[in-house]
Amino acid sequence: MEILVCVKQVPETSKVEVDPVTGVLKRDGVDSKMNPYDLYALETALRIKEEVGGTVKVISMGPPQAAEVIKEAYMMGADAGVLLSDRKFAGSDVLATAYTLSQGVRKMGNIDLILCGKQTTDGDTAQVGPEMAEYLAMPHIANVIKIEKIKDASLIVEMDMPHMVEVAEIQCPCLLTVEKDIYQPRLPSYKKKLSTKDWDISMFSLHDFADQNEKNYGLNGSPTQVERIFPPAVNIDKEIWTGAGVELADKLTSKLKELKFV
Amino acid sequence: MGDICKQEYKKLDQKDIAFLLDLLGKDRVYTGTEINEDYSHDELGGISKMPEAVVEVSSTKEVAKIMEYAYEHSIPVVPRGSGTGLVGASVAIYGGIMIDLTNMNKILEVDEENLTLTVEPGVLLMEIGKFVEQYDLFYPPDPGEKSATIGGNINTNAGGMRAVKYGVTRDYVRGLTVVLPTGKILEIGGKVVKNSSGYSIKDLICGSEGTLGIVTQAVLKLLPLPKKAISLLVPFSTLERAINTVPKIIKSKSIPTAIEFMQREVIIAAEEYLGKKFPDNSADAYLLLTFDGNSKQDVEKEYDKVASICLAEGALDVYISDTDERKEAVWSARGAFLEAVKATTEMDECDVVVPRNKVAEFVNYTTELQQQLGMRVRSFGHAGDGNLHVYVLRDDLPQEEWQKKLKAVFACMYKKSVELDGLVSGEHGIGYVKKTYLFEQYGNDYMDLMLNIKLAFDPKNILNPGKVCQ
């Protein structure tokens with residue numbers, strides 16, 4: 001099976017501070033790592049490969065230093081990797097990111113299965129995977145908690161719905177986003193670090209894509225316009241009420257109305 | 001030598017209880033059936049005895065007043081923290097008053113100019129680490145039991161996993177406030193870095209297992225927080241291979257903060273216990289090393305050499321645990337080993353410490369014992385500092401046979417440790433249950449000296465009697 005895993009480089013800590021004046025993330029001195037959710041996707045891919053054979057490729061989008069996460073994927077067992085990197089991709093929102101990735105995937109040729117983590121720890125939208133699948137006109141399932149069976153041209157998977165688990169069969173090629181803890185991700189291997197030290201990472205830029213219209217990428221291709229980034233105000237006001245449930249529920253509703261939260 | 005314990009202690013009567021009630025109020029004094037059964041034992045000591053009264057204290061003064069009263073009336077007193085000890089040190093084997101110090105749990109001061117932290121004895125170890133991190137500071141001692149109190153840690157001179165690079169609890173105690181058995185309050189040491197002012201009473205109190213005085217405040221030494229730590233999980237085909245690699249790592253002059261060894265069976269037990277998978281369980285034995293430093297590059301440079309040594313010594317691979325999630329996956333299992341083994345069967349533990357180049361020999365010996373005596377023996381521990389934790393498991397053995405075999409196994413292990421120039425306890429202490437082995441190893445002159453020290457502090461032998469040296 002030809003498997004492609006989407007990985008992203010994110011700040012190592014979730015406690016990145018925002019400059020209250022400029023709204024810019026203070027990234028100085030903050031190390032990067034692979035998005036922890038992507039580790040589950042990569043582990044899933046490696047397990048499928050171990051079971052039925054094939055190759056595991058990884059794809060990422062970001063500045064040149066994002067090549068680090070591809071190297072890390074090599075240290076975990078990936079066979080090849082592609083980095084989509086172009087200044088024209090800068091400022092992409094979820095939609096433009098999904099579109100750019102879909103262009104990269106088209107360029108890579110035959111893929112049976114695309115795996116993504118369910119979300120990232122910096123953007124937290126959980127939308128890139130499914131949007132990408134829509135651009136690629138592929139069936140997709142989000143929040144997969146178990147790969148039940150791998151058939152010749154399809155997969156049977158369990159997906160986590162809010163109040164139930166749904167079992168579905170999905171035709172390949174398809175895209176899945178996997179939940180945390182689907183498998184325990186393996187650790188990067190030092191032996192592989194040594195043996196993959198000189199491996200290539202393919203770099204794709206806008207010129208490599210079928211659609212070369214700049215308006216579809218980066219800030220230009222992003223319907224989301226960020227007005228302002230700011231640290232949330234810390235609110236330490238609190239009121240504690242005691243009383244019967246019904247009475248408290250009424251009180252809470254009127255309070256929320258008063259605060260214009262509902 | 002044990003004679004002084006044969007003295008008669010006064011049983012608590014209504015007058016004594018009235019004194020305690022008057023001092024502390026009825027919410028903080030428990031007697032008879034009001035005493036929770038937990039206070040009769042620790043986590044593994046295998047002995048149990050109810051104290052006659054348990055009191056919750058909130059200040060040095062209260063402790064001093066109780067001690068003064070107890071001294072006057074010859075009532076035994078046992079101080080107690082979280083009760084997470086493993087050798088029965090905090091069990092009131094002569095009854096009397098148990099002073100529960102867990103409510104004295106305030107962090108009093110972080111002094112960034114002297115790099116010290118002043119705490120009350122009931123502060124939990126896990127709180128200290130978290131608290132000082134906010135100031136980019138670091139309290140290095142790292143015993144596995146994070147819910148232990150700092151008072152308990154000081155009293156057992158607890159070690160932990162970072163001892164290879166950073167040393168043990170004693171190395172991080174600068175000053176103590178101690179209530180003596182007579183009720184007098186003594187300030188020992190302080191925020192000073194150097195101290196050649198007479199006998200080091202501070203070092204006597206550290207590791208005294210509550211027999212010399214009651215610690216009611218401590219000044220701890222802090223270090224700047226290393227910004228980056230990376231662990232290596234190194235699989236080997238056999239435990240012998242894994243452990244034989246350790247002296248070579250030490251000889252290479254790299255200083256990991258920790259070198260732990262573990263076997264597959266224990267990892268699987270931890271997986272079952274936590275309901276969580278370990279990142280790898282395909283090999284028979286593992287070394288787990290941690291390196292710290294101020295940048296990823298620094299730490300990588302440091303571990304490169306060690307990774308190469310491991311591979312040259314036959315390691316199957318070297319896995320890198322470099323992010324919080326990865327470290328959590330590895331270290332949460334390591335932290336649960338003891339609980340996981342304990343959950344399966346009754347057991348007893350041997351906490352010997354041997355010179356670091358003798359670890360392999362000792363562990364191999366325990367494997368031989370296992371075969372000879374036909375019982376399960378599990379070990380894991382601090383390969384880097386020579387402190388082993390060997391667990392002898394009861395499984396289906398009938399009580400009598402279990403006791404017999406246990407005695408035999410322990411006698412053999414302690415004998416072996418003496419042969420290898422080791423000592424009875426690396427970090428869990430002597431308490432009540434390991435006394436025999438200490439007496440055997442040290443002999444009369446050494447034990448008499450310890451007993452005389454005890455009597456100098458506690459002429460009436462009322463503070464935690466029957467422990468360590470008596």
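This tour moves through a predicted model, from a helix of chain A to the nonpolar cores and then to some loops. Residues are numbered from 1 along each chain as its sequence is written, and chains are lettered from A in the order in which they are written. Because the model is predicted, local features need pLDDT of at least 70 and side-chain atom pairs pLDDT 80 or more, while totals for chains, interfaces and linings use all residues.

Select residues 94-108 of chain A, helix H3, where helices are DSSP runs of H or I with at least four residues and strands are runs of E with at least two, numbered from the N terminus. Its end C-alpha atoms are 21 Å apart, in agreement with the 21 Å expected for 15 residues, the expected span being 1.5 Å times one less than the number of residues. Among its buried residues are Ala96(A), Tyr99(A) and Val105(A) (buried: 20 or more other C-beta atoms, placed from the backbone, within 10 Å; exposed: 12 or fewer; partly exposed: in between). Just after H3(A), Gly109(A) takes a positive phi of about 85°.

Turn next to Val77(B), Ile99(B), Val234(B) and Tyr286(B), which have the most contacts inside the largest nonpolar core, a set of 136 residues (buried Ala, Val, Leu, Ile, Met, Phe, Trp, Tyr and Cys joined through C-beta atoms within 7 Å). A second, separate core of 58 residues includes Leu39(A) and Ala96(A).

Now select Pro173(A), in the loop between strands E9 (165-171) and E10 (174-178) of chain A; the peptide bond leading to Pro173(A) from Cys172(A) is cis, with omega near -5°.

Finish at Asp421(B), in the loop between helices H12 (399-419) and H13 (435-457) of chain B, which has a positive phi of about 65° although it is not a glycine; with 9 C-beta neighbours inside 10 Å, Asp421(B) counts as exposed.
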